[in-house]
Every structure is written in structure tokens, then in C-alpha cells.
Amino acid sequence: MKHSLFRPAEMAVLLAVALVIVPLLFYLPFWLPALVELMLLLRACLLLRHSRLPGLAVLLPLLVLAAAGVWLNLNTLIGREGGAALLILLLGFKVFESRQQRDWQVVLALGFFLSAIPLLFDQSPWSALWLVISLLALTWAMLRLAGDIPSGSARTAVQALLLSLPLMLVLFVVMPRLPGPLWSMPHDSHTAQTGLSDSMEPGSISQLVQREDAAFSVVFAGQAPAVSQMYWRIMILDDFDGRRWQNVHGLQQETVQLQGGQLVRYRLTGKPVRSRLPLLEYPLQAPGGGVLEPGRLLRLASDSDDAVRIDAASLLGSHYRQSLSQSDQDFYRRLPPGNPASRQLAMQWRMQSQDDAGFVHEALLHFRLNGYRYTLTPPLLEGDNSTDAFLFSTRQGFCEHYASAFAFLARAAGIPARVVTGYQGAQYNPVGRFWQVRSSDAHAWVEVWLKESGEWLRVDPTAAVAPQRVSDGVSQSIPSLQPAVPLMGSRIPGWLLPLQQSWQAAGFAWQQWVVGYDAARQLNLYRLLGLGEAVDAAAVLRALLFGGALGLLPLLWWWRRRPAMAPLQVGRNLLVAALQCHGIAILPSDGPLDMMNKAAHLPKDVRVLLKQLLKEYAAMRYRHAELPARQVQAWLGQVRRFAQQARKQRRHS
Amino acid sequence: MLPFRKRLRSWWWRRLPREAVCRLSQRRIYLLPTRFGLLLLAVAAAVWVGALNYAVSLAYGLAFWIISLLLLAVLMAYRQLAGLQLQVEAGENTFLGQVANCRLSLINQAGVERQIHLWAEEGECAVHCQLPAGGQQSVSIPLLLNRRGPHAYPVLQIWSTAPFGLIRAFSWWRPDATVLAYPHPLPDRIRHADGLQTGKGRSRGEGEEDFSHLAEYQAGDTPRQIAWSMLARRDVLASKRFVSQPRGHAVHELAWQDYPAALDVETRLSRLCWRLLQCEKAGQRYRVRLPDTVIEPQAGQRERALAALANCSLPS
């Protein structure tokens, strides 16, 4: 083929794949995608200079070296990160041994595959946008590489993607989804995870609270409960080592009775952290795909950290009745030595109060009245007696300090107690009609077991210190956490609020309908559209036929569309029509001379004009050089007048 | 495998009707993915499996978009050929052993540009042409003439992979036209002089081609005689007459019987052909006598005589 003409097409391929791997700069060790981008750039330089390519003897050792680098950095060559790293390395080396069109086609195909890799890491609208840009670049490069349309290939690429978009949407909606994976891949343990951890120490939650990212979203069936009632439980911490509360799974099983309360049904969408998702206090039963662990905590069967959607039901405000054996009670009273002042205070309240509930009341009163402050930046607590230091000297803390201190006091007084972590509150989004819970809603509180009634009672000491934390959310109680506009550093002005809510709603819809479009949602849609009661072969076929017909409509439009006729052709048609008015039939094969001959019997003035027009037509039609558009338009105007005249004449005669 | 494929193909070609004009329609356009198309299909399948396994919704979107693009490529490739009109034009007859041009024209009546490739197995010939919207283009397919007589135009594959190179649309056409292979001229000096029937005309010279006057066109006047400038200017068909139009003068007899019966047919025809060409070159009048026909001096005699030589077959 014409080799020199081919060069820009190869540049297009290089440009397209370079665009495709840009997002991987964020997800892989930075040096690797950067190295591959550099290699692509180098290849482009070689292309421009028509230089010789390095041989296999140079490339293979380099590839092995780079793969070894990946191994040292990631400790794996499979899985999400390892596989992606290996693939882009292969791409980087493949371009150095691409010479023929066929090689470049392989590079392009690899590019199409690579554009799926960033989606494994992130499925936000931005990823989708980048996917579209990648596809556009790849399609454009494909057109260039096919080589037939050197000009206008960008337009053709856009047109092709737009025409195939409806078909893609139909397939996306209709093609069956699997409820679970085909095979499970090893998890990347070093991937950083956010969210509440298995343990709690001073500072662990206040770190989380400063993040504004969304934790999960909830849609209630029916009336939503009051915000102050929304305690989302994730984890129970039942062991204290003097500084840190952690979960040692002290109880393997339990028999629980939930009494009273108001039934609330809701659908929750969120990314599980270590297979855990929060549930509203207290869950009635385990939602599908998970089990309830002791303490009524949800653990999902799958250990994937992709977003899931669960339908759950909780009895709000119910009594959590459980009979604890003596040894169980002892387990919930265990304390390490230390903090003598706190123990003394607990014993003092124990003496003053009649029962456990009285003790709780006494303790909450203490927190309320003794100048405790709710702050994100408490002084550091050092030494073995951290609880003493908090209760008697610093008196400043965040929810984890209060929960920890309260649980300590309760245990010191002989009351079984445990710390619960989770989220408290939610923010309603009126645009998307859902409730959003953010990382900043992370919270910790205490549950104490009352011997008299044999039930676990939730006690939120933070609420005693800062009541508005529970009623209005954390941002109202700590001014520095009020939502601010980035860069401007001030509060979000009122007029921006709807915009922010719309953005949240769009994110919610994206999560619900695009990222979270799974087998269950598909089944719902099939039922809604009346395509069938199950996603089986017949229903899919029906949906494909129905959707395919819809998706083909734009294609039909494209097929039937007549491109704008050249002005010369328009003019010729006008002349033919005009001569028809004069009673002269012109065949499509007739040239200007034939037309003139056939019009020989016309009156002289008409003939002269016709002859002049035809002469100009012939001059323009058979001249190869590009014509100035103005000249053609002027001629077309004359032809129009001529045709008008002919029509008029026919009407008169 | 290969011989089988070849046999299958030749069987298929024999089944094709001969057509002087053919308009490509869905009944004769075939569509197959190219190697690149298959590769991309495999990529779409791989992305789909990945999407299934990792439950990545957007990857489903990517897989389905690639598949939709492939479907669209099928339509676009089909559109490259659909409605294309091909017709035969008179081929250029030539001598045995030479390459003849089989002339065709491609007519694109649609309002879109087309990228068309033509391919003929005979001669491994490939032609690419870019047809603008509403355009027409003449193409010649070279054909090696390896025996005397009529040669059918080769069966043509018309194909296009535009615009993506993913799908190949193709169609077969067996043009209903032939080119003639004239005998290969063999020098034959001695005989050439003998055949001259002396007339009483003046000896020939440069002056004989001198222009005399214009006369009305008569059937049989050669294209060389037509006054083209007149036609262009006045739109009148006129013929030029020369001072000494070779009429009624010496006529060379080029006869089959000039050669001994022992000489084989092809050699005889080759020598006759050479003498004929000599006469044409010198502008001499001649008569060709073949066992079955006689070609008298006339307009277009060269072509007729050569055709007679080419088609000459003797009951032996």
C-alpha cells in the first residue's frame, strides 16, 4: 500500500491507545502507565523519522525486566492490578514490533480491551465519560487505519458511535445478567479501604468524619423515621484494652427477641466494607444475600467490595431482649486495670442509683452538666489512664471518647456494656427522593444490658453533650464541618443548594440505574414492561425484538437520508423540469448538447438563455478544478429564474 | 483444501449468469467479518465475560457498544455495494500473448461516496476505485490472452471493507463480454510482395494524403476522416476527402491459399496477420481471403479482418 500516506493512520492508533490508558495513571503504580505513555511517544517519534525498529533481542529482555518491576511493586501478575499492569506493558512493547496494518489492528483491538480496565477500579460518571472519549478515539483511529476515508473520519466516527448507541442501550438493558460471578479472583489485600474499622481508638472516627464522601444511600418505603432515630449499626466492639475497643467475637450465638417498635422497610445501596453494611436499629431479619451475626449485625455472603443493594426491614425503637448467662455478663464487664478515678466515680453513682437505668441517667447527667465539650480536635490523651485523663482533666472529645468513657464507667459499675459503631443520621435529597449517609455521619455509641428488664438499651452519651449532633447532624454541631464550597472556603450559598442536591440525585440515579443495574433490577424492569415473569430465553428474545426495532429506527433514518445534492445536480434537475414545462422530455443520459438540440424549436429568447445556462453548466460540470461556490450559486439563481419563467408560461398557455 | 476451494469456486462461477449490466442488490451481496472484525468480536466477548464476572455494569456497556459497532459496520459495508451498477464496455482486442484491457464502468447513483475494489482471479488483478457521489468511473481489467480467439471477461469479485475494515462485503459478477485475441503476427516478407495486384494508379507518396474538400458523412467513413472540429463547432457531421483517396487502385490479396497446405493453421494465420498489418501501416488496399469468408476493402476493415483471423476455425 501507499506507505507514506499510511503514517498518519498509525499516529492516530498511537494517540487513541495513549488516551485509553490515561485513567490507569491513577489506579496503577504511577511509573508503569507513565512508562507505557513514554513508549508510545517514542514509537510516534520513530514513525515520524522513519527509523528502524529495535529487534526482538532488545525488546524481550526489556519486557521481562519491566514485568519483574511490576512483580516487585505489586507482588502479583494476575488479578485486577497485576493483569492490568501486564496488559499495558504488552501494549507498550507491541507497538514496537508493529509494522503492517495487521499489527496495528491488533494494537487497536488491545486498546478496545484496555478501555474496560479502568471500569474495574471506578464506575463513576467520569469513568463513563472517559470511556466514551476512548471509544471515539479508537473508532476514529480504526477509520484512519482502514484508510478509505482520509478526510471526515472524525465526523464518521461520531456518527457511527451515535448510530450504534441505541442498539447498545437495548442490549445493555435486555441482555441477561448473572446474579453472581463466574469465578472469584483473589482480592487485592493492599487496596486501601475506607470506612469503619474493626476497632476504635481515640481519633479513628474523627478522621472519618472529616471526609465528605457518600457512604450509602437509602430509600424508605413509606414514611421515613425521624433523623434522630436513625442509628445505623455496623459493628459491636466488646473488648477494651485500656486504649482501644475492638471486636473479639465474644459471643458466638445468641437468642434475641425484638419487642414492639415500628416496622420500617427500606432499600439501601452502598459499598460493603469487609462484607459489612449498616442496618437500621434493629433489623427484623437478614436481608437476601447476607446473615445476621450475633448482635444483629449484617454480614454479606460475598466478599466483593462492589456496591450492592439490599432490601431490609427493621423494627425501629423495639426492645432488644436477650437473656445473658452469668459468664456472658462477666464477659461484658471485663476491664483492664487502671483508671482508678473513673472506677471510683462509677462506684459512687452505683451507690447513689437504685437500678441500672438510674445509673445511666446519673452518668448522662454528669456529661451534660460538667462542662464537657464536643470537638473534632481534642487534646491528645496520653498515659495508661486515658479514661481518667478524659473524664477529669481534658473534658474535650468526639463521639468515640464519650462512647468509650461511658462504656468504661458502665462496666466499672458492673453493668454489661458494649460500644457500637456505625452511622447516625442522614440527609434527605428532595430531588432524587432518597436519604444520603456520608462518612461524616460516622458515629459511636453504647449499648448497656439492663438486668431488670433483660434488654440491651442504646445510650448515646454524645447526645447528652451535644444534643444537636443527633437531631441536626454533625455539621451543625461542629462549625468547621459545615459544607463549604471548595476554593471559596465559605458556606454553600442558598442558591447553590438545589444544584448540589441535583448533582447528588444524578449520582444516586447513576448508581441505581447504571452501576447497580443487576439481575434483580433487570427482572423488575422485565415485569414492569410486561416482557415476562422471568428473564428467560423467550422473554429475552421478545425484548430483543422489541428493543431492536426501536434501536434500528435511527439507523433507518440514516439509511433513508439523502445527502444534500450537489448544486449542479439541483440546477440540472431544474432545467429538466423547465424543459418539461415546454413539452420537452429529457432523458437522464442526455448531455447539455442533447438538451440544446431537443430545445431547437423553442422561441429564440428562451433558446438563447437556455444555451447560455447550458454552456455554463458544461463548463462547470466538466472542469476538474474546484469551483468557487459563489459562481455556482449565481448560476443556480439564474436557473431558478429560468424555471420560474417556464412554469409561468405554461400556466398562461 | 486449496484445490477443493478452487473447484468449488469454478463450479460457483459457472453457475453465475452472464450479464452485460449488473446492479448489486441484497440477493447477491455477501457479508463476512474480516480477520480484524473477528478479533474485535473476540475482544467484545472477553469484555463481556469480564463484566459478568466482576459485575461491572459499565463494562457491559462497552462490550455491547463494540457489538453494536460491528452490526453497524455490517450495514455500512453492505451500503458500499448496494445499488452499485456495473456495465461492460467494449474491450480492447489485441494480439495473442499480449494483455488485453477488459473495460467496465462503475456507476454510483447513490448520494454517498463508495470505496470499491475489483478482483479477478485470472491475472491476480486488483483494482481500487473511489467513486464520488453520483459518479461514474471506467476501469480496465488486464487479461492475458494465451490463445487465439474470443476470451470471456474474467469473473470479477467486487468487494469493499469500508469504512472500518471490520466487515467485508462482496459480490460476484460474470460480465457478458469478450475480447478477441488476434493471431500473433509473424513476419512474412516474400509472400507480401507477391500478393500485390497491380493497378494503374499512381505510386503512393506523401502528397496522396493531402486534404481536398469536405463532404457529407457517409456510412463507412473511418473516424480518421471525420471533421471533428466541424462537429464541435457547427454540430454537423462531415467527412474529409483527400486528393487521392485509395479507391479503385491496387488491391493486395491476402489469401489463405498463399501457403502450402502442410503449414499449420496458426502459422498461416499469424503470417496473414502480419501482412495485413503491413498493408494497414502502408495505407495499402487489401483483400483477405479465408476459407469461409472474404473481407473486401471497406471502412473498419482492419478490425473486421483481424476479427475474422481471430475467429477463423477450420474443419480439419
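Begin by selecting chain B together with chain A in this predicted model: 41 residues of chain B are in contact with 52 residues of chain A, and this is the boundary to keep on screen for the first part of the tour.

With both chains displayed as surfaces, consider the area that they cover on each other. The size of an interface is often given as the accessible area lost when the parts come together. Chain B and chain A bury about 4500 Å² between them, and carbon and sulfur atoms carry 74% of that area.

Next, turn on the side chains along this boundary and look for pairs that reach across. The rule finds zero salt bridges between chain B and chain A, whereas eight residue pairs, both members at pLDDT 80 or more, are in polar contact across the interface. Now select α2 (35-54) and α3 (57-81) of chain B, each of which supplies at least two residues of the side that touches chain A. Of these elements, highlight α3(B), from which the largest share of that side comes, namely 18 residues. Colouring the side of chain B that touches chain A by residue class will show 30 nonpolar, eight polar and three charged residues.

Finally, hide chain A and view chain B by itself as a cartoon, where seven helices and 19 strands can be traced. Of its 316 residues, 46% count as buried, and among the contacts in chain B with a separation of 6 or more, 66% join residues 24 or more positions apart. Switching to a surface representation of chain B brings up an accessible area of about 16200 Å², with 54% belonging to carbon and sulfur atoms.

Key: Residues numbered from 1 in each chain as written. Chains lettered and ligands numbered in written order. Predicted model: local features only at pLDDT ≥ 70, side-chain atom pairs only at ≥ 80, totals over all residues. Heavy atoms only, no water. Helix = DSSP H or I, 4+ residues; strand = E, 2+ residues; numbered from the N terminus. Buried < 20%, exposed > 50% of the residue type's maximum accessible area, 1.4 Å probe, protein only. Contact = heavy atoms within 4.5 Å. Areas by Shrake-Rupley, 256 points an atom, 1.4 Å probe, with all protein chains shown as cover. Buried area = accessible area lost by both parts, 1.4 Å probe. Salt bridge = Lys/Arg side-chain N within 4 Å of Asp/Glu carboxyl O. Polar contact = N/O pair within 3.5 Å; in protein donor to acceptor, adjacent residues only side chain to side chain. Nonpolar A, V, L, I, M, F, W, Y, C, P; charged D, E, K, R; others polar.
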